[in-house]
Amino acid sequence: MKFILSLAFKNLTRYKRRTIITSFAIAIGLMMFILVDSLLIGVEQESVRNLKWYETSSARILHSQYWDQRMMMPLDVNIEDPDTIIAVLEDNGIDAAKRITFSADMILNSYDFEEDGNLGVVVQAVDLESDFDVFEFETTLEEGRFMEAGSDEIIIGSWFAEDIGAKVGSYITLITRGNGGFFEAMDLQIVGIVNCPNPNVNRSLVMMDITTAGEYLAMEDLATEIDIKLPKKSDTDEMIQRIAALLDLENTDYEIMSWEELAHDYLSVLQADKAGSKLILLLVFIIAAVGISNTMLMAMYERIRELGMMRALGMSDRAVHLSFMVEAGGIGLFGSVAGLLLGAMINIYLVDVGIDMSFMMRDMDIGYRIQSIMRGAWDLRTYLTALVSGVFLSMIVAYIPTRRALKMDIPACLHH
C-alpha cells in the first residue's frame, strides 16, 4: 500500500499540467455548486427573517374565533384590555405590541393624485410606543417622518406610493366599517414613505396610529392582535407553550399562534420554491459531475499504454487498479480543496454585499420575501458535501476506464 501511495503521488507531480487542468475543472464545478447553494440558502433565510420582522412577528395572540374569519378582518372579534396582557409579557422579558388590522377603501382625489379613484387596502393601526420593539420599521423610513400619536396621519410603502403617485403631504380618505358595523370615513395625510426589504410590505403597507384608529372605529382599549418578538435563538414552540401557560390562555377566549402557523400559505409556496431550487442545485451538481467525469475519463484513457507497461513489468491488476484510483482521488482532493477555497472567497462577497436583482424584483413576485439584494449564506454541510463528492466522484470515474483497460491483454494496451 505504501508503494501504491508513493507511485500515485509521483504520478501526480510528474504529470503536473494534466493534474492542474483536471483539478481546475473539478474546482470550477464544485465552486459553482457551492455558490448556487449559498444563494438559495441565503434567500430562504432572509425571506423568513423579513417575514417575521415586517409581517407576522415571532408569534401572535388572537381571539380564538379570529383566525377562521381572518379574511374578513372582523373588528368585533377582538382582544379586550390588551395592555394588561402586554404588561404581563414585558414583566417576563418578552417584547409585545398591540395592533388593529382592518380593511378599507382608499379614496384618491385628483387634487393630490393624477385622477380620482379608489382601491382596497389593508390598514395596520400600530402602537407607536411598542411596535418598534417587535417589528423593524424604525430604520426603514425613506422619506418624511413617522406619524404622531393621536394624529390623522399615515405612512405607506414605497412601491405602493410609486404605484398610486403618492407623495409626502398628499391626502387620502379611508372608508371602512367600525366596530359595530357603522361606516366611518377618515381623512388622513401621508407623512412618510417607508422602504423595507420585504417586497410584500412595500407593495401594500398602509400604517396609522392605533389611538386615532381606535377613536374612529370604536376600538378604544381593544385590539385585533398582540404581536410578540421572541429571542433569536429561542425554541419557538417551547416559548409559545411558556407564554400560553403564563397567560393561562386555555381558560380564556384567546390563543397564541407561531409565525409558521400565521404564514402557513407562504411556507407552502416556499416549500414548492425549495423543491425547484433543489432541482436547480441537482442540475448544477450534474453539470459539475459531467465536467469532472469527462476530464477524468480523458486523463485515464490517455494512459492505457502506461497501464499495459506496468502490467508487463509484473504489477498485479489489483495494484494497478488501486494505484490509478488513488491517483484520481488525489486529483479530486486537489480540485475539491481549490473549489472550496474559490467558493469561500467569492461567497464572502455574496454574504457581505450580495447580487442586486432590483431590476426584476420590482415588477415580478418570485415568492421570496426579498426586495432586491440576493445574499449568500454559510453552510458547513455544503462544503463537506462538495469535498467528499469531488474526491469520490473522481475515484469512481477513474474506476471505469481502468477496469476496461485491465480486461485488455498487455500487447493491446501497449499498442493502444
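The following exercises, each with a worked solution, concern a predicted model.

**Exercise 1. One face of a helix**

Determine which residues of helix α3 are buried and where they lie around the helix axis.

Solution.
- Step 1. Helix α3 covers residues 82-91. Its buried residues are Pro-82, Ile-85, Ile-86 and Leu-89.
- Step 2. Viewed down the axis of α3, these buried residues fall within an arc of 95°, so they line one face of the helix.
- Step 3. A general rule helps in reading this pattern: an α-helix has 3.6 residues a turn, so residues three or four places apart point the same way.
- Step 4. Just after α3 comes Gly-93, with a positive phi of about 75°.

**Exercise 2. Two helices in contact**

Describe how α3 packs against helix α8, and classify the angle between them.

Solution.
- Step 1. The description needs two quantities, since two packed helices are described by the angle between their axes and the distance between the axes.
- Step 2. Helix α8 consists of residues 236-247. The angle at which α3 and α8 pack is about 125°, and their axes are 11 Å apart.
- Step 3. Angles over 145 degrees count as roughly antiparallel and those from 65 to 115 as roughly perpendicular. The angle of about 125° falls in neither range, and α3 and α8 are therefore oblique to each other.
- Step 4. The crossing of α3 past α8 is right-handed.
- Step 5. On the α3 side, the residues that meet α8 are Ile-85, Val-88 and Leu-89. Their partners in α8 are Ile-243, Leu-246 and Leu-247. Ile-85 and Leu-89 also belong to the buried residues of α3.

**Exercise 3. Two residues of strand β1**

Decide whether Arg-60 and His-63 are buried or exposed, and list what each residue touches.

Solution.
- Step 1. Both residues are placed in strand β1: Arg-60 lies in this strand of residues 59-63, and His-63 is found there too.
- Step 2. Buried means under 20% relative accessible area. Arg-60 has 12% and is therefore buried; His-63 has 13% and is therefore buried.
- Step 3. Beyond residues up to four places away in sequence, Arg-60 touches Glu-55, Glu-225, Ile-226, Asp-227, Glu-255, Ile-256, Met-257 and Leu-262.
- Step 4. One of these residues, Met-257, is 197 residues from Arg-60 in sequence, yet their C-alpha atoms are 5.3 Å apart.
- Step 5. Another is Glu-55, whose backbone oxygen lies 3.0 Å from a polar atom of the Arg-60 side chain.
- Step 6. With neighbours within four places left aside, His-63 is in contact with Val-77, Asn-78, Ile-79, Asp-253, Tyr-254 and Glu-255. Glu-255 is thus listed for His-63 and for Arg-60.

**Exercise 4. Residues in loops**

Locate Thr-140, Met-73 and Ala-218, and state how accessible each one is.

Solution.
- Step 1. Thr-140 sits in the loop between α4 (131-134) and β5 (141-144). Its relative accessibility is 4%, so Thr-140 counts as buried.
- Step 2. A polar atom of the Thr-140 side chain lies 2.7 Å from the backbone oxygen of Phe-137. Outside the four places on either side in sequence, the contacts of Thr-140 are Tyr-54, Ile-193, Val-194, Asn-195 and Cys-196.
- Step 3. Met-73 belongs to the loop between β1 and β2 (79-80). With a relative accessible area of 18%, Met-73 is buried.
- Step 4. Ala-218 is located in the loop between α7 (210-217) and β10 (222-223). At 32% relative accessibility, Ala-218 is partly exposed.
- Step 5. Most residues other than glycine have a negative phi. Met-73, although not a glycine, has a positive phi of about 50°. Ala-218 likewise has a positive phi, near 60°.

Technical notes. Residues numbered from 1 in each chain as written. Predicted model: local features only at pLDDT ≥ 70, side-chain atom pairs only at ≥ 80, totals over all residues. Heavy atoms only, no water. Buried < 20%, exposed > 50% of the residue type's maximum accessible area, 1.4 Å probe, protein only. Helix = DSSP H or I, 4+ residues; strand = E, 2+ residues; numbered from the N terminus. Arc of directions from axis to C-beta. Contact = heavy atoms within 4.5 Å. Polar contact = N/O pair within 3.5 Å; in protein donor to acceptor, adjacent residues only side chain to side chain. Axes fitted to C-alpha atoms, helices over the stretch in contact; angles between N-to-C directions. Parallel < 35°, antiparallel > 145°, perpendicular 65-115°, else oblique. Left-handed = near helix turned anticlockwise from the far one by under 90°.
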